[in-house]
Amino acid sequence: MTSKESNSPESSWLRVWHSQKENLILILIALVLAFFIRTFVAEPRYIPSDSMLPTLHMGDRLVVEKVSYWLHPPMTGDIIVFEPPPKLQTMGYAKDQAFIKRVIGEPGDIVAVANGKVYLNNQPLTEDYIAEPPTYRWGPQQVAENEFFVMGDNRNDSNDSHVWGFLPKENIIGRACFRFWPLKRSGFV
């Protein structure tokens with residue numbers, strides 16, 4: 001190889017490629033893994049409103065896991081993250097704008113709100129996690145197949161199923177499982 005060939009731009013790129021090939025492959029693998037984990041396993045989310053007070057505060061950061069609902073459906077009491085259903089989209093919410101609420105009613109359940117209480121299958125729920133009792137009436141209504149009734153813990157300041165109806169199962173992204181920010185309130189939710 002002549003000195004002219006060793007200084008050519010092509011040979012410089014080859015030297016860089018050979019010296020950095022392993023690092024570039026590791027970066028590519030890391031990017032693919034990050035995409036896979038965020039798409040199918042877990043992802044971080046930000047709480048944009050006070051609708052889940054006192055359980056979750058505006059600005060909290062959570063891990064939303066996506067695996068458990070492959071094994072079983074959401075259950076009453078789960079805090080879930082979901083894409084807005086069609087009715088919310090017609091009200092101006094973007095399809096990719098995530099909501100977070102608590103599952104109150106599963107398919108087949110009868111839900112009602114009356115006299116400051118939420119009733120599930122004609123039994124009042126014990127809800128020590130809410131900000132205050134609801135001041136409105138709703139139902140009774142049976143939750144349809146493949147749908148859920150969801151409510152914010154801040155019952156009187158939550159845009160939830162009592163406003164826009166049942167949540168289709170296919171809109172559910174995952175279950176909120178861990179608050180990682182702020183550190184002083186970090187832990188499982």
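Which side chain has a polar atom 2.9 Å from the backbone nitrogen of Val67? The legends below work through this predicted model, and that contact comes up in the view of Glu65.

**View 1. The whole chain, before we zoom in.** This predicted model shows a protein chain with 5 helices and 12 strands. Its C-alpha trace spans about 90 × 35 × 35 Å along the principal axes. A compact globule of 189 residues would have a radius of gyration near 16 Å, but here the value is 24 Å. Buried residues make up 38% of the 189 residues. Take the contacts with a separation of 6 or more: 57% of them pair residues 24 or more positions apart. The accessible surface comes to about 11,300 Å², and carbon and sulfur atoms own 60% of that.

**View 2. A nonpolar patch on the surface.** Here you're looking at a patch of about 1,100 Å². Its members are Ile25, Leu26, Ile29, Leu33, Phe36, Ile37, Phe40, Val41, Val67, Trp70 and Leu71. Two elements give two or more residues each: helix 2 (9-40) and helix 3 (68-71). Helix 2 hands over the largest share, with 7 residues. Pick out Ile37, which sits in helix 2. Its relative accessibility is 42%, so it counts as partly exposed.

**View 3. Glu65 and its neighbours.** Back to the opening puzzle: the answer is Glu65, whose side chain places a polar atom 2.9 Å from the backbone nitrogen of Val67. Val67 is also a member of the nonpolar patch. Glu65 itself belongs to strand 2 (residues 61-65). Is Glu65 buried or exposed? It's buried, because its relative accessible area is just 10% and the cut-off for buried is under 20%. Leaving aside residues up to four places away in sequence, Glu65 touches Val41, Ala42, Gly174, Arg175 and Cys177. You've met Val41 already, in the list of patch residues.

**View 4. Glu43 and Arg45, a salt bridge with a third partner around.** The whole structure holds 8 salt bridges, and this view shows one of them. The side chains of Glu43 and Arg45 meet with N and O 2.6 Å apart. How buried or exposed is each partner? Glu43 counts as buried because its relative accessibility is 6%. Arg45 has a relative accessible area of 22%, so this residue is partly exposed.

**View 5. Asp60 and Arg185, partners from distant parts of the chain.** These two residues form a salt bridge, with their closest N and O atoms 2.6 Å apart. The partners are 125 residues apart along the chain. Asp60 lies in the loop between strand 1 (42-46) and strand 2, while Arg185 lies in the loop between strand 11 (172-181) and strand 12 (187-188). With a relative accessible area of 0%, Asp60 is buried. Arg185 has 26%, so it's partly exposed.

**View 6. Arg102 and Asp153, a buried pair.** Here's another salt bridge, and its closest N and O atoms are 2.7 Å apart. Arg102 is in strand 4 (residues 99-105), and Asp153 is in the loop between strand 9 (147-151) and helix 5 (161-164). That puts the partners 51 residues apart, so to speak, in distant parts of the chain. Both residues are buried. As for the third partner promised in View 4, that's Lys66: salt bridges with shared partners join Glu43, Arg45 and Lys66 into one network.

Notes: Residues are numbered from 1 along each chain as its sequence is written. This is a predicted model: local features need pLDDT of at least 70, side-chain atom pairs count only at pLDDT 80 or more; totals for chains, interfaces and linings use all residues. Side-chain values use heavy atoms; hydrogens and water are left out. Patches are made of residues with over 30% relative accessible area and no salt bridge: like charges are joined within 9 Å, nonpolar side chains (Val, Leu, Ile, Met, Phe, Trp, Tyr) within 5 Å. Accessible areas come from the Shrake-Rupley method with a 1.4 Å probe; for residues, only the protein chains shown count as cover. Helices (H or I, at least four residues) and strands (E, at least two) are DSSP runs, numbered from the N terminus. Buried means under 20% relative accessible area, exposed over 50%, partly exposed in between (1.4 Å probe, protein chains only). A polar contact is a pair of N or O atoms within 3.5 Å; within protein, one must be able to donate a hydrogen and the other to accept it, and residues adjacent in sequence count only if both atoms are side-chain atoms. Contact means heavy atoms within 4.5 Å. The radius of gyration is taken over C-alpha atoms; the globule rule is 2.2 Å times the number of residues to the power 0.38.
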